[in-house]
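User: Hello! I have a new structure open and would like to learn how to read it step by step. Could you guide me?

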Amino acid sequence: MFGNSAAVLSERIVETEGFEERVPLLEEFLLENLASESVEDKLISFATNRLYYGHSVQNSKSVSESVGLGVRQFQRRFKDGVGVTPKQFMCLSRFQQTVRDLLLGNHASMLDCVLAHGYYDQAHFIHEFNGFTGHSPSCLLGGETRMTHFYNTSRPLLG
């Protein structure tokens, strides 16, 4: 992960005599390496932001063009950096944002919410919900099962 700089650090640590001298070397190394973001990291960060916040209007092709890569090269780099394909990431983003809005009660009905987030219909959302969670939306989002959660801590706990 750190390449040659880790080997240099290792040599420097071996040359030091005590713990008190080794800690500052390690701290300096970590701060330097954590602060320096590679071009690849910046590319992935930019792409994830574009896909997360613009999942309804962005696609792999538009984001790959904006970062100056071919579609396949962008998809491979994105998957290497994030762990899922851009399409999977957009599906997860849309799902997470839809569930958040359902939990916060920002829409009159589930159908209004799922349509606002780009699902074709309620059945499409139910199928994706079941795929991600293994449960139906009513099982996990039903009124009687709602409790305080990290999106909205103002809800009282049901006892």
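Analyst: Gladly! Let's begin with how elements are named: helices and strands are DSSP runs, numbered from the N terminus. With that in hand we can place a residue: Y119 sits in the loop between α7 (110–116) and α8. Please keep in mind that this is a predicted model.

User: How many helices and strands does the protein chain have?

Analyst: The protein chain has nine helices and zero strands. Read from the N terminus, its elements therefore follow the pattern α-α-α-α-α-α-α-α-α.

User: Back to Y119, then. Is Y119 buried or exposed?

Analyst: The general idea is that a residue is called buried when its relative accessible area is under 20%. Y119 has 3% relative accessibility, so Y119 counts as buried. Across the protein chain, buried residues make up 29% of the 159 residues.

User: Which residues does Y119 touch?

Analyst: Setting aside residues up to four places away in sequence, Y119 touches R94, F95, T98, V114, H124, F125 and E128. There is also a link across the sequence to look at: Y119 and S56 are 63 residues apart along the chain, and their C-alpha atoms are separated by 9.5 Å.

User: What share of contacts in the protein chain join residues at least 24 apart?

Analyst: Among contacts between residues at least 6 apart in sequence, the share is 46%.

User: Now the helices. How do I check the span of α5?

Analyst: The idea is to compare the distance between the end C-alpha atoms with the span expected at 1.5 Å a residue. For the twelve residues of α5 that should be 16 Å, and the end C-alpha atoms are 16 Å apart, so the two agree. Try α6 as well: with 19 residues, α6 reaches 27 Å from its first C-alpha to its last, close to the 27 Å expected.

User: What follows α5 and α6?

Analyst: α5 is followed by G83, whose phi is positive, near 105°. After α6 comes G105, also with a positive phi, near 70°.

User: At what angle do α6 and α8 pack?

Analyst: Helix α8 covers residues 122–133, and α6 packs with α8 at an angle of about 105°, with their axes 11 Å apart. Angles from 65 to 115 degrees count as roughly perpendicular, and α6 and α8 are therefore roughly perpendicular to each other. On the α6 side, the contact is made by C91, L92, R94, F95, T98, V99 and L102. On the α8 side, H124, F125, E128, F129, F132 and T133 take part. By class, this contact of α6 with α8 has eight nonpolar, three polar and two charged residues.

User: Which residues form the largest nonpolar core?

Analyst: A nonpolar core is a set of buried residues of nonpolar types joined through side-chain atoms. The largest one here has eleven residues: L43, I44, A47, L51, Y52, V63, L69, F74, F78, F89 and M90. At least two residues of this core come from each of α3 (39–53), α5 (71–82) and α6 (86–104). α3 gives the most, with five residues. Apart from this core lies another, of ten residues, among them V99, L102, L103 and V114.

User: Which residues does L69, a member of the largest core, touch?

Analyst: Not counting residues up to four places away in sequence, L69 touches L43, S64, F74 and R77. S64 is found in helix α4 (residues 60–66), and at 0% relative accessibility S64 counts as buried. With the same neighbours left out, S64 touches L69, G70, V71 and F74.

User: And toward the end of the chain, where are H135 and G142 found?

Analyst: H135 is found in the loop between α8 and α9. At 39% relative accessibility, H135 counts as partly exposed. Leaving aside neighbours within four places in sequence, H135 is in contact with F129, N130 and L140. G142 is found in the segment after α9 (137–141), and G142 is buried, with a relative accessible area of 12%. The C-alpha atoms of G142 and L103 are separated by 9.5 Å, although these residues are 39 apart along the chain.

Key
Residues numbered from 1 in each chain as written. Predicted model: local features only at pLDDT ≥ 70, side-chain atom pairs only at ≥ 80, totals over all residues. Heavy atoms only, no water. Core = buried A, V, L, I, M, F, W, Y, C linked by side-chain atoms within 4.5 Å. Buried < 20%, exposed > 50% of the residue type's maximum accessible area, 1.4 Å probe, protein only. Helix = DSSP H or I, 4+ residues; strand = E, 2+ residues; numbered from the N terminus. Contact = heavy atoms within 4.5 Å. Expected span 1.5 Å × (residues − 1). Axes fitted to C-alpha atoms, helices over the stretch in contact; angles between N-to-C directions. Parallel < 35°, antiparallel > 145°, perpendicular 65-115°, else oblique. Nonpolar A, V, L, I, M, F, W, Y, C, P; charged D, E, K, R; others polar.
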